[in-house]
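User: Please take me through this structure and give the reasoning behind each label you use.

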Amino acid sequence: MSNAQIEIQLIACIVAIACAIPGTFLVLRKMAMISDAISHSILPGIVIGFFITQDLNSPLLILLAAVTGVITVVLVEYIQKTGLVKEDTAIGLVFPALFSIGVILIAKNANDVHLDVDAVLVGELAFAPFDRLLISGTDVGPKSLWIIGSILVLTTSLLFAFFKELKVSTFDAGLAASLGFSPAIIHYGLMTVSSITTVGAFDAVGAILVVALMIAPAASAYLLTNELKRMLIYAIGFGVCSAISGYWVAHVLDASIAGSITTMLGLLFLIVYLIAPNKGVIAVLYRERQQRIEVSLLTFLLHLKNHTEESERHVNHLSEHINWQKVRATSVLELALKNNMIQLDRNIVSLTDKGHEFTTQAIDYIITNQDSKIEHMKDDFFLFRG
């Protein structure tokens, strides 16, 4: 593996970590699409900074781009607070307008410099090792690595310094205000960090990959845990794994590195979306099926409690009286037997003492409708545990 390959993967990993930190809070605050708005609307700031300095490497570009990102957030929130449109509509109004201004400025005044729409939208990690940082004539590595590395240090330092404030304001802005924190300052601070991170990764990976690295790892982590610290760790891990695996997929297929990394992020999210223990599609479908069985079992037991006639409780007539198909009636009967709720005598079904107690509590729950009781009941009677 060559030095260039190592540098590309290192840059991709650092970008992934730097994006995952603010991205986690954006996902939790339900502001995922604001990262897309920022990644495009900072273009005017970059162009104006270039016009002022005539230098694509000037720190003023990052500063003005970050300011433009914050302006985007302010405009979106101002339009949203009017109550005339929702947040997604406000984003759809603001960022295309600002991005278009940047494109027009480039087309009119910067056609002869390396600041074009393709570079802005796509980016190419493969070129990052060629843009070197020289200090007193000494090559100290790729410029992108130092820029995004510095931003990562800043982001990590702010995360450790203001973790408590970020956590409280993210989950309960009212509590944060009552504790003396300013939710507005924390919010705009987060937006500023997001803007700076986006700009820092802009030249190396492009806007599309920045958005993917900010949102996809955090969204995947959100499906796996409700704990903030663990979510941050998962998001960082997913971002790094996708960056490395995406690079090697691109290497094998001779394809775009940014596109391959984004594809791996999408595949990772799809896998987590399907198999996440609590929030995944499979878990949700299983839980819904289990709930349907619970309702069927309860219906069956209440039917037995309310009928003393043997004709109503004969095994061969249960499906007819409750209007169930034979397979469903058989499965519910087996489940009731498994949980020792019923007993069979000459194909006549009767409630056991446990079944009587359960149905009595179930009727009480239905009457009082106290949500806290149902889980307690299920634990007491060991439903579905055999």
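Analyst: Buried means under 20% relative accessible area, exposed means over 50%, and partly exposed is what lies in between. The model is predicted. At 16% relative accessibility, E7 is under the 20% cut-off, so E7 counts as buried.

User: What makes E7 and R132 a salt bridge?

Analyst: The cut-off is a side-chain nitrogen of Lys or Arg within 4 Å of a carboxyl oxygen of Asp or Glu. The closest N and O atoms of E7 and R132 are 2.8 Å apart, which is within 4 Å, so the pair is a salt bridge. E7 lies in helix 1 and R132 in strand 1 (residues 132-135), so the pair ties together parts that are 125 residues apart in sequence. Side chains of opposite charge can pair when their charged atoms come close.

User: Why is R132 called partly exposed?

Analyst: R132 has a relative accessible area of 25%, between the 20% and 50% limits, so the label is partly exposed.

User: How many salt bridges does a search of the whole structure find?

Analyst: The search finds two. Besides E7 with R132, the side chains of E227 and R230 meet at 3.6 Å, N to O. That distance is within 4 Å, so E227 and R230 also qualify. E227 has a relative accessible area of 41%, so E227 is partly exposed. R230 has a relative accessible area of 41%, so R230 is partly exposed too.

User: Which residues come close in space to D131 and R132, by C-alpha positions?

Analyst: For D131, one of them is G141: the two are ten residues apart in sequence and 8.5 Å apart in space, C-alpha to C-alpha. R132 and K143 are eleven residues apart in sequence, with 5.1 Å between their C-alpha atoms. D131 lies in the loop between helix 6 (117-121) and strand 1, while R132 is in strand 1 itself. At 28% relative accessibility, D131 falls between 20% and 50%, so D131 counts as partly exposed.

User: Why is helix 2 described as largely enclosed?

Analyst: Eight of the ten residues of helix 2 (residues 32-41) are buried, so helix 2 is largely enclosed by the rest of the structure. The buried residues are I34, S35, D36, A37, I38, S39, H40 and S41.

User: What makes L274 eligible for the nonpolar patch on the surface?

Analyst: A patch residue needs over 30% relative accessible area and no salt bridge. L274 has a relative accessible area of 35%, so L274 passes the area cut-off and is partly exposed. The patch is formed by L267, L270, I271, Y273, L274, I275 and I282, with about 640 Å² of accessible area together. Helix 12 (residues 257-275) gives the most to the patch, with six residues, and L274 is in helix 12.

User: What is unusual to note about the phi of D254 and of N340?

Analyst: D254 has a positive phi of about 55 degrees although D254 is not a glycine. Phi of N340 is near 60 degrees, again a positive value in a residue other than glycine. D254 is found in the loop between helix 11 (228-253) and helix 12. N340 is in the loop between helix 15 (326-338) and strand 3 (342-345).

User: Are D254 and N340 buried, partly exposed or exposed?

Analyst: D254 has a relative accessible area of 71%, which is over 50%, so D254 is exposed. N340 is at 45%, below that limit and above 20%, so N340 counts as partly exposed.

User: What lines the second largest pocket?

Analyst: The lining has 16 residues, of which F162, L166, I186, G189 and L190 lie nearest the centre of the pocket. The volume of this pocket is about 310 Å³. Helix 1 (3-28), helix 7 (143-161), helix 8 (163-171) and helix 10 (183-222) each supply at least two residues of the lining. The largest share, five residues, comes from helix 10.

User: How do you know what kind of residues make up that lining?

Analyst: The lining residues divide into twelve nonpolar, three polar and one charged. Gly counts as polar, so G189 belongs with the polar residues. Phe, Leu and Ile count as nonpolar, so F162, L166, I186 and L190 belong with the nonpolar ones.

Note on methods: Residues are numbered from 1 along each chain as its sequence is written. This is a predicted model: local features need pLDDT of at least 70, side-chain atom pairs count only at pLDDT 80 or more; totals for chains, interfaces and linings use all residues. Side-chain values use heavy atoms; hydrogens and water are left out. Patches are made of residues with over 30% relative accessible area and no salt bridge: like charges are joined within 9 Å, nonpolar side chains (Val, Leu, Ile, Met, Phe, Trp, Tyr) within 5 Å. Accessible areas come from the Shrake-Rupley method with a 1.4 Å probe; for residues, only the protein chains shown count as cover. Helices (H or I, at least four residues) and strands (E, at least two) are DSSP runs, numbered from the N terminus. Buried means under 20% relative accessible area, exposed over 50%, partly exposed in between (1.4 Å probe, protein chains only). On a 1 Å grid over the protein atoms alone, a cavity is a set of points where a 1.4 Å probe fits but cannot get out, and a pocket is an open set with protein on both sides within 12 Å along at least five of seven lines; lining residues have an atom within 4 Å of a point. Grid points are joined across faces, edges and corners, and a volume is the space filled by probe spheres set on the points.
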